[in-house]
Every structure is written in C-alpha cells, then in structure tokens.
Amino acid sequence: MTDIVRHNQDQGACGDGATLNAFLRRAAIVDCKLVPWGSNYTFVVVMVDPAGDRPETICIYKPRAGETPLWDFPSGTLYQREYASFLLAHRLGWDFIPHTIIRDGPHGIGTVQLYVEPDEQTRYFSVRETFADDLRRIALFDLITNNADRKSGHFFRGKHDGRIWGIDHGLTFHVQPKLRTVIWDFRGETIAERFVDDLIRLYADDALKDVLRPHLDLLEIEALRGRVARVAEDGVFPELTSRRNIPYGW
C-alpha cells in the first residue's frame, strides 16, 4: 500500500491532466473499502490500468448514492459540486485540489479523486505562517465558492510532495450565504494584486458558464460570478460576522 501511495505522489496529484483523465476513466476498480467516518459514504479504491501503462493507484470514491440528504442542498448534487470545484480551481490556475473526475463505480456514479497522502504531523497552526499564501488562495477560493465546510482537516500538507492540498468541496456554490471556514487569519487584509488579477480573469472567462453548467444550476453559476466580482472589487478579506462562520466539528 505504501508503494502505491508513493507512486501517486511521484506522478503528481495534478500532473498531466489529459493523461490522468484518461487513466481514471478507463481504469478498473479492483478493491473498494469504506472509510469509517464522515457523514457521507466515502471509499478508498485501488485502480488498475487494463492497458498496463500505470501501476496500481489509490483514489477516493464518493458515490452519489452515499450522500446524506441535507435540508439546504439539493439531494444527489454533492458529487457534482466536488467536481465543479476542481474544474474552477483548475480554471483559476490554483491547482490545490487533487485530480478529480466523475465516473461510474461499484456503488454507482460519483467522483473519483486521486489520493494524496497527508503529513500526519502537519496541523493548521504549524502551516499558517510557512504556507500563508497557499492558505490565502484557499480562503479566497472558499469565499467565491461559498464553501460551507472548510474544516482544518480539509486542507493539509502532502507527505511526499510538501504541497498544501484542499479536499472535500461538496458543500459549495449555494446561492445563499453559507461561508463556514477555519481560515480567518487574513480577515481585513488587502488581497494581493496577483490574486485579484486571477479573479478578474475568471470573471471575464466566457467559457466558464459552459464548463460549469453540466454540474451546477444556472442561478448558482450567476451567484458565483457575482461573488467573484464583489471580492475582486472589494479587494479585502472579509471580517467575521454575527452569523455562524466556523464549521461544526472544526
């Protein structure tokens, strides 16, 4: 298992997007084990390339059928939001989400995401100075995607590559304000010009709607564009408000 995980990291969790896409879509799932925590069903799967071009690879599989119904998010949409988050991060050039696709699996359609082994010694308070810019980028991403569940365990440093990664983006893109995150270190701080430029470029991206439309409602896409415009115009990380801004079980 350790050799398989290290192979994942040696190949890069984002790597060549076209090559990874092709592999993840054609690979056979030869093992599927339930991760025994979390509110939704999540599985660790081992994927084998029938063409023999790539060694066994570990991924995380989240089927639509395993999603717990929520009162505020439409049922059966969390896997689509996971994938839309990956697409949006890639569109921004902020490749901090491991490569993700949608495909069929042992329990039906869902997301399959390349597994990145975390450095278990890394905690939020130990990375927020060394990796401050990475956390700023994730905080901005959560702001524009309206992420309702950025717990401290939803970002981590990779054990083998030393990069900061973000996972678990199912509770995103709601049209109503839902932002709940543990990353409030930068509240009131001016957003760096390079990040604002990325947001302006994203807002002007004429293809963005077509990229996201298969996975999000039109109103959600328009709400996303509105948040992007407001954040770019304000140019400041928001302050805490009177509503609940910290996720449950952070």
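How many helices and strands are there in the chain? The chain has eight helices and seven strands. The model is predicted, so keep that in mind while selecting residues.

**Whole chain**

Start with everything shown. Along its principal axes, the C-alpha trace spans about 50 × 40 × 35 Å. The radius of gyration is 18 Å, which agrees with the value near 18 Å for a compact globule of 250 residues. Of these 250 residues, 51% count as buried. Turn on the surface next: the chain exposes about 12,300 Å², and 52% of that area is supplied by carbon and sulfur atoms. Among contacts with a separation of 6 or more, 71% are between residues 24 or more positions apart.

**The sheet**

Now select residues 28–34, 43–48, 57–63, 100–105 and 108–114, which are strand 1, strand 2, strand 3, strand 4 and strand 5. These five strands form an open sheet with antiparallel pairing, in the order 1-2-3-5-4. Strand 1 and strand 4 are at the edges; each has a single partner strand, so one side of each has no neighbour in the sheet. From one strand to the next, the twist averages 35 degrees.

Strands of a sheet pair through backbone hydrogen bonds. To look at one pairing, keep strand 3 and strand 5, which run antiparallel and are joined by five bridges. Pick lysine 62: threonine 111 in strand 5 stands opposite.

**Threonine 57**

Stay on strand 3 and select threonine 57, which is found there. Is threonine 57 buried or exposed? Threonine 57 has a relative accessible area of 0%, so this residue counts as buried. Then add glutamate 220, which is 163 residues away along the chain. The C-alpha atoms of the two residues are separated by 34 Å.

**Helix 2**

Next, select residues 17–26. This is helix 2, which lies across strand 1, strand 2, strand 3, strand 4 and strand 5. Helix 2 runs at about 15 degrees to strand 4.

**Helix 6**

Finish with residues 193–203, which make up helix 6. Show the side chains of Phe195, Val196, Asp198, Leu199 and Leu202, which are buried. Why are they on the same side of helix 6? Around the axis they cover an arc of only 155 degrees, which places them on the same side. To see what the buried residues of helix 6 pack against, add helix 3 (78–92), helix 5 (132–145), helix 7 (208–212) and helix 8 (218–234).

Key:
Residues are numbered from 1 along each chain as its sequence is written. This is a predicted model: local features need pLDDT of at least 70, side-chain atom pairs count only at pLDDT 80 or more; totals for chains, interfaces and linings use all residues. Side-chain values use heavy atoms; hydrogens and water are left out. Two strands pair if DSSP finds at least two bridges between them. Helices (H or I, at least four residues) and strands (E, at least two) are DSSP runs, numbered from the N terminus. Axes are lines fitted to C-alpha atoms, for helices over the stretch in contact, and angles run from 0 to 180 degrees between N-to-C directions. Contact means heavy atoms within 4.5 Å. Buried means under 20% relative accessible area, exposed over 50%, partly exposed in between (1.4 Å probe, protein chains only). The arc is that of the directions from the helix axis to the C-beta atoms. The radius of gyration is taken over C-alpha atoms; the globule rule is 2.2 Å times the number of residues to the power 0.38. Accessible areas come from the Shrake-Rupley method with a 1.4 Å probe; for residues, only the protein chains shown count as cover.
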